[in-house]
Amino acid sequence: QPVATSPLLAGLNAEQGAAVSLPPEHALILAGAGSGKTRVLTTRIAWLLQTGQVTPGGILAVTFTNKAAKEMMTRLTSMLPINARGMWIGTFHGLCNRFLRAHYKLANLPQTFQILDTQDQLSAVKRLCKQFNVDDERFPPKQIQYFISGCKEDGQRPGDVKLRDEETRKKVELYALYEAQCQREGVVDFGELMLRSYEVLRDNDAVRENYQRRFRHILIDEFQDTNRLQYAWIKMFSSPPVEGLSGPGNAVFAVGDDDQSIYAFRGARVGNMADFVREYRVQHQIKLEQNYRSVSNILDSANQLISHNSHRLGKNLRTDAGAGEPVRVFEATSDFAEAQWMVDEMKQLAREDIPKSEMAVLYRSNAQSRVVETALFNAGMPYRVYGGLRFFERAEIKHALAYLRLLENPNDDTSFMRVVNFPPRGIGARSIEQLQDVARSSGCSLNDAVSAVTGRAGVAISNFVAKIQVMREQTEGNTLREIIELVLAHSGLVEHYRNEREGQDRVENLEELVNAAESFVSIEGFGRDAVAMPVDELGQALSQSPVSQGLDPSVPAIDEPLASEEETGETLSPLVSFLTHAALESGDNQAQAGQDAVQLMTVHASKGLEFDCVFITGMEEGLFPHENSMSDRDGLEEERRLMYVAITRARKRLYLSHSQTRMLHGQTRYNLKSRFFEELPEECLKWITPKQPAWSDGAAGAGGNAGWQGGGRGGFNRGGAPAALQPAWSPGWASGSDPRGLGGKSNPEPDRGTDIKAGLKVFHNKFGEGKVLALEGAGPDARAQVSFTRHGVKWLALSVAKLTPVDD
Ligand code: ATP
Ligand code: MG
């Protein structure tokens, strides 16, 4: 037996060793986080190769991210002198791409076919809808895109979709047209990569059998997050046994954790695990119960939390690592204070020689990253954002910034091009080409060339230019906040995204831009320090960012560097300073490749990774668990699995924080702390309580934010009064003045709460109609929980929010 002697097995425990050295038959390794699933999978490949059971060409291994695939390659080549190129290791999309390049003729594609990322796909759908005059009120392109992707994930071509109703019929028609357009242009989207290669395998016996003979071992990591089509694709390489027939004889080795299934919203089917066991008659199921990643305070927290879920396959995890530090819980007065505390804590960790790359900040929603990014930026700490665009690079933010830049500079052609037809106003590519020709031949800007374009196109473009002109005049002398609000409304951006089925996140980001401006203005002197950076340097900084290096295939490439202003802040208007700040913050402080940097990412993007120190921020009801998922049990259980993933990323230190107030989506929210705190073992937690409430010196006058701008320790302990004399910490937001001067609590208006009571129907000029669910506090501190028809449940301070009772 080569098993016992292989040095590859030396460092593994008994179950891991057994899993690595299983006979060449189907197997499922079901195990919790940090138990070494990925390590076992990698070691099995090495072991199979080393024992001569397979050649590199006989391996097909699917990982979840490119990063994981790269890591696997690196580990393998360090373990064995092998030709890694012969192995098919990659993501589903990566492998399908490879397959289709090899079989482009069978797939009926040009060899040089181009891949559409999610944003490109949307643009393609939009173009199509315009061409066929689709009513985008009834059929928003985003919804069509969602429909198309959903069909493909289920393996359905237009002809396969059941035409339930008129609406589906219309969508299927568009799906067919979209397919024709892609085919004509020689492009494929992500779903098509999967579906097309699946079909080639399904329809060509010789090809399928060839691959089945070739790939003796098929290994899949994170199996719990595969969707229907991915599972069907795997089956093509490895037909499950059929009664009376011997199968192709290859072995599928699937590795997963049902507790970490977090992509149900994208069609992932945890049921694939049970199907796999049944269909493949899996004889080998191994559980790994030893966790090698985390200290027990962290692991126990994860275990206890996830025990609140039902329908689990059931696993246990233990660790020999010792208790370690307790999980630290911090309650902040505001999101700013939360970010500042985190940065201070990171500085302390750095003093303990922990590399910044071993510090990760995890958040539930992308919109949360901005405040953290700003705090890190101000502290001069390099950081890297993974799995999502950094705030100022997100498409919707770039659109908004483009409008703002045009207010300042109508000749900014990049901005002009970006938004001349966005939101769509019927200006076609032809007209824009015409405009560009005129501008080119007369050497002027697009804006100046407008009058030369005639006909209907000319009118539409002139209208756009006039719109910008009107906005410019209307915003003259306004504050930055007012300017941005007006631009968001009048450009039609907010309205446009609001009508998209999945546009809520973008609307929230746009509202977040208002917050960004607000805090920018209040940080006195910042604008003056913001020195412009030459465009090419900025471009370089951007191109070196990991986001543009394509670590995450779902992240679209950065299309152009943001323009920077030529002057220093001294003479700049607040708007220009802000735009400079946006450009700098997007390019400058993003860590250079190879630089030691704090890691920022959503919980989703953190799957499979590990760090010494992890900060999970925004642990508040409505945020984590997310408000969209709180109403039904399945949604809540998926949130809990997400939280489980988040906790189990940490090796040594885990920090959980929540904030009493948070500026999110353009609104101050008074959040209750997350229910997940109740589900963690108290003995593993250590609640960190600052000595006294923030803002106690009442310095929040003029620009607000007094505590924030000071840098260093920010808002804490600034007041002169001894800590012991301060009121209890918990209702800190109520006893101090509002950090942003928004609340006006020092001079509260007469208590409006008196005529607001639970059950009452109310109107809010931003959120519309809603119903009061509950009331808390009294006088100036009174707040109401309102369930808004269109915006979900929110807590609002009655001294700030204008709630008017409405008649039924
Ligand atoms: P996740 O569910 O988060 O993907 P996982 O089950 O894939 O986790 P790995 O990432 O493979 O776990 O392993 C977690 C950590 O434990 C890694 O740092 C790995 O190197 C280490 N590890 C795994 N097995 C052992 C072992 N037998 N001895 C020492 N360290 C181990
Ligand atoms: Mg793993």
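This dialogue reads one helix and one sheet in a predicted model.

Student: What should I keep in mind about the model and its numbering?

Tutor: The model is predicted, so local features need pLDDT of at least 70 and side-chain atom pairs count only at pLDDT 80 or more, while totals for chains, interfaces and linings use all residues. Residues are numbered from 1 along each chain as its sequence is written, with chains lettered from A and ligands numbered from 1 in the order in which they are written.

Student: Which residues of helix 19 are buried, and why do they lie on the same side?

Tutor: An α-helix has 3.6 residues a turn, so residues three or four places apart point the same way. In helix 19 (helices being DSSP runs of H or I, at least four residues, numbered from the N terminus), Ile-461, Ile-468 and Met-471 are buried, where buried requires 20 or more other C-beta atoms within 10 Å of a residue's own, exposed 12 or fewer, and partly exposed falls in between, with C-beta atoms placed from the backbone. They cover an arc of only 75° around the axis, taken from the directions from the helix axis to the C-beta atoms, which puts them on the same side of helix 19. On the other side, Gly-455, Arg-456, Ala-466, Val-470 and Glu-473 are exposed.

Student: In what order do the 5 strands of the open sheet run?

Tutor: Strands of a sheet pair through backbone hydrogen bonds, either parallel or antiparallel. Here the order is 20-19-18-17-21 with antiparallel pairing, strands being DSSP runs of E, at least two residues, that pair if DSSP finds at least two bridges between them. The edge strands are strand 20 (792-797) and strand 21 (803-805).
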